[in-house]
Amino acid sequence: MSELTGVLAVYKPAGFTSHDVVAKARRILGMKRIGHTGTLDPQVTGVLPLCLGRATRVVEYIQELPKEYVATLRLGLSSDTEDLTGTITETVDEVHVTEAEVLAVLKSFQGVISQVPPMYSAVKVDGKRLYELAREGKTVERKSREVEIYEIEMTGMVWNGNHPDVTFRVLCSKGTYIRTLCVDIGRALGLPGVMVKLERTMSAGISASHCLTLEQIAEHKEAGTLEEHLIAADEAIPHLPRHTVMDEKKKAALQGQRLSPRHVAPEVKRNGHFRLYDEQGGFLGIYELEETGAIAPVKVFAQA
């Protein structure tokens, strides 16, 4: 039996790390070559695309795509982990804030913003992950980095005793820490803030409604219907332009030879990676236009 290949959209349950989901999928599917496309904290639920077999070669391209989340922020509290899994470090007994004020602050975060990665994160400093240092009781200086908030909107605001819970939807670039966004929104309102809930509702264009639970994956594997739910590797990276190579140069393309741009249509006008197909629509791989003007292979998928 041939190895499964494609992208499998999993709905990650709470209490699992992303690596737990990969390990569980390996056991269910009886295969080793599986990679996930973006870490989710254990308490976070939602969309976690898994790349199976040869599709693991597109993980890096899927990771570049925007992600959407629905988050709940509690104003008036803060913790050392920026969510409720940590130790509460600050409490404001009474919070005075209006929906209009929250809406105005949320809107101000749209666009390119600067974030300092939280201490409880997988970012490496001097070869060590920040969460490892944090567990040792250490705090180190972290460099801020730019991320982009494409869309942000409030979807609800309810009072939990003296503290309001603000729920918002956010569409953002890779590398955005929603926990930190919650803290920064609170700070902009002059209040401590902590993330109390997070769901990833979309990743790489895949919505939660198109995901399978681990239980459903096991059922489809047993029934022999899992392949029907896989997304082809090339379909999972539609943001890469699509080009076609002439049949007479197909073999050369598959053998890793450089090609003249005149053998590819439409004309490749800018540097960067693109998907290359044969004239019958078969996916050959990922190629790029070199500075020399030649078309060169990056990752060849089809067989010569």
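This passage describes the domain division, one helix pair and two backbone features of a predicted model.

The protein chain is divided into three parts: domain 1 comprises residues 6-65 + 205-231, domain 2 residues 67-203, and domain 3 residues 242-300. Between domain 1 and domain 2, contacts involve 20 residues of the former and 13 residues of the latter. About 1200 Å² is buried between domain 1 and domain 2, and 41% of this area lies on carbon and sulfur atoms.

Two packed helices are described by the angle between their axes and the distance between the axes. Helix α1 spans residues 18-29 and helix α6 spans residues 214-223. The axes of α1 and α6 come within 10 Å and cross at roughly 15°. Angles under 35 degrees count as roughly parallel, and α1 and α6 are therefore roughly parallel to each other. The crossing of α1 past α6 is right-handed. On the α1 side, the contact is formed by Val21, Lys24, Ile28 and Leu29; these residues meet Leu214, Ile217, Ala218 and Lys221 of α6. Of the residues in this contact between α1 and α6, six are nonpolar, two are charged and none is polar.

Backbone geometry was also examined. Most residues other than glycine have a negative phi, and most peptide bonds are trans. Glu82, which is not a glycine, has a positive phi of about 75°. Glu82 is located in the loop that connects β5 (77-79) and β6 (88-91). The peptide bond from Ala265 to Pro266 is cis, and its omega is near -10°. Pro266 belongs to the loop between β15 (264-265) and β16 (273-277).

How values were computed
Residues are numbered from 1 along each chain as its sequence is written. This is a predicted model: local features need pLDDT of at least 70, side-chain atom pairs count only at pLDDT 80 or more; totals for chains, interfaces and linings use all residues. Side-chain values use heavy atoms; hydrogens and water are left out. Axes are lines fitted to C-alpha atoms, for helices over the stretch in contact, and angles run from 0 to 180 degrees between N-to-C directions. Helices (H or I, at least four residues) and strands (E, at least two) are DSSP runs, numbered from the N terminus. Angles under 35 degrees count as roughly parallel, over 145 as roughly antiparallel, 65 to 115 as roughly perpendicular and the rest as oblique. A crossing is left-handed if the near helix is turned anticlockwise from the far one by less than a right angle, and right-handed if clockwise. Contact means heavy atoms within 4.5 Å. Ala, Val, Leu, Ile, Met, Phe, Trp, Tyr, Cys and Pro count as nonpolar, Asp, Glu, Lys and Arg as charged, and the others, Gly among them, as polar. Domain bounds come from an automatic or database domain assignment. Buried area is the accessible area (1.4 Å probe) that two parts lose on being put together, summed over both.
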